[in-house]
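Trainee: I've got a chain to look at and a pile of questions. Can we go through them one at a time?
Mentor: Sure, bring it up and fire away.

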Amino acid sequence: MLVGGALGLGAVALVGRAVDLQLIDNAFYQQKADARFRREVPIPASRGMITDRNGEPLAISSPVESLWINPQELSKHPDRLPELAEATGLAVEDLAREVSQRADKEFMYVPRHRRISPAAAKRVLDLGVPGVFSQREYRRFYPQADAVAHVLGFTNIDDRGQEGVELAFDEWLTGRPGAQNVIRDRHGRIVEHVNLVRAAEPGKDLVLSIDRRIQFLAYRELKHALEETGASAGSIVVLEVSTGEVLAMANLPSYNNNRVTGDNRDAHRNRAVTDLIEPGSTMKPLTVAAGLEKGVISPTSTFNTSPGWIPNGRYRTSDFRNYGVLDTTGIITKSSNVGVSLIVQKLQNQEFYDFLRRMGYGQSTGSGFPGEAAGLFPDPSRWSGTTKQTMSYGYGLSATPLQIAHAYATLGNRGRAIAPTFVKGHAGEARQVLDPAIADEIVRMMQTVTEPGGTATRAAILGYHVAGKTGTARKASGGGYDRRYVAFFAGLVPVENPRFAMAVVIDDPDTSRNMYGGGYVSAPVFQRVMDGALRLMDVPPDDIETWLAAQAANDARRARGQGRAAPAAPAAATPATPVAVVAPQAPVVAARVPGGQR
């Protein structure tokens, strides 16, 4: 009876304890159990895709694997470390040190094996090394690589934007990771998916204004120009005149944003929006526009530029040669420093300053691109006696290539300024900053620059009227100016209804051959890029007569070569649809510009 009573009391105690564990204090012990075996693990979310204006992918996120280790588990099997080290290409000593330093932890990434291909991860996992696992993540890939790297930027190891569009729109592109509860065994392996806590939400896609075809064309031609001229760097900006959309922005040197390293960080800089340069003679059409707006000159005004120079304080403002008497258009055609100096003398300091500010100089364009420079444009209170005169032809102030392209787009848009944008369909509000009639007059004047007698005949495009301006600015160095140059060409096409504005900047071309001016170095780049862009975008020609004449000349040459009569020249007519044939370029005369502001 005594033994039976003891067993009965023991049974009652066991039942009571069981009731206490399963019913009364269940939540407490369930929490303890979950802390040991249940885990909330993240569900990775893919970053939004970036496409060009036509839906072509520029940045995509691809699923990859990241290898990780449970140091507590792996440290119990030191004999497997050499096997793991060999499979991952790591030194055994380094791997052993990493594991031993985290022996009290349950998680660490395998060095240099985060975000690798699933196939590479599988080869390591197939070894069955205790405590080695993988998890799904996403990695960013850029199909165009170097050609569009400065616009897109890149992401870091945690898939966060670091530069360019990736940084500017990081919040938009970044997805919201999900979470789920799982049960792991003592080896860290997931044995049961308990429940979904939060579903993963992928990032939103972003459609850029960039046209992949024009972008690659600009990058290719810029690369060719640097190789041909021996220049150290260069930039190209192409804008849609009516919307301010950036169709292309190329820079060299460039880098491969699929494999970003700490080497050559200077190549990561988007020179088109960060680098400040004195704009040289690209300022002259703006100086003329300021004079026309204030009524101090007219399109038919004449200026005596003899003997080819005028004083500017202790210095001289000189032309490439003595052009004698020039009218207003001739000042732009011949790129006369003396001529624009005579014009700016008629303007008050504040009038000239206010006009250039309205055209976007000395302030950000509002593109929203990370790191965009505002330029350097001092207030008139800080001007000296020579400042205004040198500013009239592009010295004493600094601007970015994007600001130059934006100012010319404003001229082409009949005086309406629109902030540049990198997002398709997000054009800003247009501001009327210049009388439309004056803007149209300046564009017609700039057309003469690319015609015979102008400084940029190499920018001429067969079948289209081109308006533009060359520039060749000496580089500032040590408080003065060095015998090194920056060559410019900024222009609009077609003149009758400007569709594109483009700025080309070639930095430090080789001067040994005496061919480093904007008309020789930068104008051909404009011609090749714009010729391709006009055809890609099906822009109708506005100079069909020249095209027909060139076609007739080619037919006549072929006929003479075959010993038959030349066909009659076709009558000039404006086509109702874009001309889709590719004709050989009409011969143009290269303007030799050894050192003047042209």
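Trainee: Is Leu-326 buried or exposed?
Mentor: Keep in mind that this is a predicted model. A residue counts as buried under 20% relative accessible area. Leu-326 has 9%, so the word for Leu-326 is buried.

Trainee: Which strand does Leu-326 lie in, and which residues is it in contact with beyond its sequence neighbours?
Mentor: Leu-326 belongs to residues 325–327, which form strand 14. Skip the neighbours within four places in sequence, and Leu-326 is in contact with Ser-301, Thr-302, Phe-303, Thr-305, Ile-331, Lys-334 and Ser-336.

Trainee: How many Å apart are Leu-326 and Thr-305 in space, C-alpha to C-alpha?
Mentor: Along the sequence, 21 residues separate the two. Thr-305 is also on the list of contacts of Leu-326. From C-alpha to C-alpha, the distance between Leu-326 and Thr-305 is 7.1 Å.

Trainee: What about Leu-342, which residues is that one in contact with?
Mentor: Leu-342 lies in helix 14. Its C-alpha is 32 Å from that of Gly-234, a residue 108 residues away along the chain. With neighbours within four places left aside, the contacts of Leu-342 are Phe-303, Asn-304 and Ile-310.

Trainee: How many residues of helix 12 are buried?
Mentor: Helix 12 covers residues 284–294 and is mostly covered. Among the buried ones are Lys-284, Pro-285 and Leu-286. Out of its 11 residues, the buried count is nine.

Trainee: Which strand do the buried residues of helix 12 pack against?
Mentor: There are helices among the partners too, including helix 13, helix 14 and helix 18. Just after helix 12 comes Gly-295, with a positive phi of about 75 degrees. As for the strand that the buried residues pack against, it's strand 17.

Trainee: Which residue other than glycine has a positive phi near 50 degrees, and is it buried or exposed?
Mentor: Most residues other than glycine have a negative phi. Ala-145, in the loop between strand 5 and helix 7, has a positive phi near 50 degrees. Its relative accessible area is 13%, so Ala-145 is buried.

Trainee: And Asp-538, buried or exposed?
Mentor: Asp-538 also has a positive phi, about 55 degrees, although it isn't a glycine. You'll find Asp-538 in the loop between helix 20 and helix 21. At 53% relative accessibility, Asp-538 counts as exposed.

Trainee: Which residues are joined to a proline by a cis peptide bond?
Mentor: Most peptide bonds are trans. Pro-307, in the loop between strand 11 and strand 12, has a cis bond with omega of about 0 degrees. Pro-494, in the loop between strand 18 and strand 19, has one with omega of about -15 degrees. The partners of Pro-307 and Pro-494 are Ser-306 and Val-493.

Trainee: What is the length of the polar contact that joins Asp-508 and Arg-484?
Mentor: Asp-508 sits in the loop between strand 19 and helix 19. With 18% relative accessibility, Asp-508 counts as buried, because the cut-off is under 20%. Beyond its sequence neighbours, Asp-508 is in contact with residues including Gly-230, Lys-475 and Tyr-485. The polar contact between the side chains of Asp-508 and Arg-484 comes to 3.1 Å.

Trainee: How many aromatic pairs are there?
Mentor: Ring centres have to lie within 6.5 Å to pair. Ring pairs link Trp-68, Phe-107, Tyr-109 and Phe-133 into a cluster. The count of aromatic pairs is 11.

Trainee: Which aromatic pair is 5.1 Å centre to centre?
Mentor: Its planes are 40 degrees apart, and the pair is tilted. It links distant parts of the chain, 53 residues apart. Both residues are buried. The pair is Phe-369 and Phe-422.

Trainee: Which residue lies over the face of Trp-309?
Mentor: There's a case at Trp-172, where Lys-204 lies over the face at 5.0 Å from the ring centre. At Trp-309, the distance to the ring centre is 3.6 Å, and the residue is Arg-316.

Trainee: Last one: what radius of gyration does the chain have?
Mentor: The C-alpha atoms fill a box of roughly 135 × 70 × 45 Å. A compact globule of 598 residues would come near 25 Å, but the chain has 34 Å.

Notes
Residues are numbered from 1 along each chain as its sequence is written. This is a predicted model: local features need pLDDT of at least 70, side-chain atom pairs count only at pLDDT 80 or more; totals for chains, interfaces and linings use all residues. Side-chain values use heavy atoms; hydrogens and water are left out. Rings of Phe, Tyr and Trp (its six-membered ring) pair if their centres lie within 6.5 Å; planes under 30 degrees apart count as stacked, over 60 as edge-to-face and the rest as tilted. Helices (H or I, at least four residues) and strands (E, at least two) are DSSP runs, numbered from the N terminus. Buried means under 20% relative accessible area, exposed over 50%, partly exposed in between (1.4 Å probe, protein chains only). A charge sits over a ring if NZ of Lys or CZ of Arg is within 6 Å of the ring centre and within 35 degrees of the ring normal. A polar contact is a pair of N or O atoms within 3.5 Å; within protein, one must be able to donate a hydrogen and the other to accept it, and residues adjacent in sequence count only if both atoms are side-chain atoms. Contact means heavy atoms within 4.5 Å. The radius of gyration is taken over C-alpha atoms; the globule rule is 2.2 Å times the number of residues to the power 0.38.
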